[in-house]
Amino acid sequence: MVSYVSALLYGVGGIVVAGMALLVAFQERLVYVPVLPGLTKSYPITPARLRLTYEDVWLRSSDGVRLHAWFIKLFPECRGPTILFFQENAGNIAHRLEMIRIMIQRLQCNVFMLSYRGYGASDGYPSQQGITKDSQAALDHLSQRTDIDTSRIVVFGRSLGGAVGALLTTNNPDKIRQPILFLSGLQDEMVPPSHMALLYAKAAAHNKECIFVEFPTGMHMDTWLAGGDHYWRTIQQFLEKHVSEKKEHESYNTDQGIPFASENLLKPSLGKGIENGI
């Protein structure tokens, strides 16, 4: 009788464990949306369609997953700021190319666009732990390049990408510290703007170089459009202050780390990063 009870308990325990594993897997399927409804996983266009000079980059995350990225340069020998761009949730990096085209023109910068695992041409399946490894691989790659000024790298995340960037800063305190720019769309219909305000308050309590800028008509996905000239001038001034071009007789204090900008970030429990969350 005891053996039957023990077997039953072990069986129930196995079911509970299996059930929890399925719940976690299902939760991640709900959180991450690599493919938009009705579309395929592949890129609908490449940067060439928008006449952007780019390089296909293939990386390996620390757990061996093969990742794809686009490195788009303002011009081949550009030594200006390089933005490490982390995208929002749904869709892939190709769906962000119009914004990136304007970003490059307005900010006179290079942009490195990472495809998270399971997104676009990258292998694997998305998870918080996995995407954390992916972002680290992207930063490590950029930090080792010889064709850019590695003292002028800026981490930029929108929505889900803000949380990705925030966790990257936490994991690299020696590389990414101050300052932080928060861009908040006050008409965000998906994530309450109060989340951004709360994140800013927490960060500003320990960091005097936090900047919080609101865009009254900005919604979750269009703050960069609704904000117009004010949006881009805000980021431009941030770059000019913290990663301005050094003169021949000047050198950077590398202890200052890499600046971080974020728009409409996720819930505080999921990260502490920067433009309109999910």
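1. Strand β3 (residues 82-86) and strand β5 (residues 153-158) run parallel and are joined by 5 bridges. The model discussed here is a predicted one. Within this pairing, Thr82 stands opposite Ile153 of β5, and Phe85 stands opposite Phe156 of β5.

2. On its pairing with strand β8 (residues 260-263), β5 is again parallel to its partner, and 4 bridges join the two. Arg158 has Glu263 of β8 as its bridge partner. Strand β5 therefore has recorded pairings with β3 and with β8, in keeping with the strand order β1-β2-β4-β3-β5-β8-β6-β7.

3. How many of the residues of β5 are buried? The count is 6 of 6, so the strand is largely enclosed by the rest of the structure. In a regular strand, side chains alternate between the two faces of the sheet. Both faces of β5 are covered, with Ile153, Val155 and Gly157 buried on one side and Val154, Phe156 and Arg158 buried on the other. Arg158, a charged residue, is thus among the buried residues of this strand. Phe156, which faces Phe85 across the pairing, lies on the side of Arg158.

4. Helix α4 (residues 160-171) lies across β3, β5 and β8. Its direction makes an angle of about 140° with β5. The strands that α4 crosses are those joined by the parallel pairings of β3 with β5 and of β5 with β8.

5. Strand β6 (residues 180-185) is mostly covered, since 6 of its 6 residues are buried. Ile180, Phe182 and Ser184 point one way from β6, while Leu181, Leu183 and Gly185 point the other way, and all are buried. Strand β6 runs parallel to β7, with 6 bridges joining them. Leu181 has Ile211 in β7 as its bridge partner.

6. Taken as a whole, the sheet is open and contains 8 strands with mixed pairing. Which strands lie at its edges? They are β1 and β7 (210-215), each of which pairs on one side only. From one strand to the next, the twist averages 20°.

7. Two packed helices are described by the angle between their axes and the distance between the axes. For helix α2 (residues 97-107) and helix α7 (residues 228-242), the angle is about 55° and the axes are 10 Å apart. That makes α2 oblique to α7. The crossing of α2 and α7 is right-handed.

8. Which residues of α2 meet α7? Met99, Ile102, Met103, Arg106 and Leu107 do so, and their counterparts in α7 are Asp229, Tyr231, Trp232, Arg233, Ile235, Gln236 and Leu239. By class, this contact has 8 nonpolar, 1 polar and 3 charged residues.

9. An α-helix has 3.6 residues a turn, so residues three or four places apart point the same way. Helix α2 contributes Met99, Ile102, Met103 and Arg106, among others, to the contact with α7. The buried residues of α2 are Leu97, Met99, Ile100, Ile102, Met103, Ile104 and Leu107. Met99, Ile102, Met103 and Leu107 are therefore both buried and in contact with α7, given that buried means under 20% relative accessible area.

10. Helix α2 is followed by Gln108, a residue that has a positive phi of about 55° although it is not a glycine. Gln108 belongs to the loop between α2 and β4 (110-114). At 45% relative accessibility, Gln108 counts as partly exposed.

11. A positive phi is also found at Arg51, with a value of about 60°, although Arg51 is not a glycine. Arg51 is located in the loop between α1 (2-31) and β1 (53-60). Is Arg51 buried or exposed? The relative accessible area of Arg51 is 82%, so this residue is exposed.

12. On the overall architecture, the secondary structure comprises 7 helices and 8 strands. The protein has 278 residues, of which 46% count as buried. Among contacts between residues at least 6 apart in sequence, 75% join residues at least 24 apart.

Key:
Residues are numbered from 1 along each chain as its sequence is written. This is a predicted model: local features need pLDDT of at least 70, side-chain atom pairs count only at pLDDT 80 or more; totals for chains, interfaces and linings use all residues. Side-chain values use heavy atoms; hydrogens and water are left out. Axes are lines fitted to C-alpha atoms, for helices over the stretch in contact, and angles run from 0 to 180 degrees between N-to-C directions. Angles under 35 degrees count as roughly parallel, over 145 as roughly antiparallel, 65 to 115 as roughly perpendicular and the rest as oblique. A crossing is left-handed if the near helix is turned anticlockwise from the far one by less than a right angle, and right-handed if clockwise. Contact means heavy atoms within 4.5 Å. Buried means under 20% relative accessible area, exposed over 50%, partly exposed in between (1.4 Å probe, protein chains only). Two strands pair if DSSP finds at least two bridges between them.
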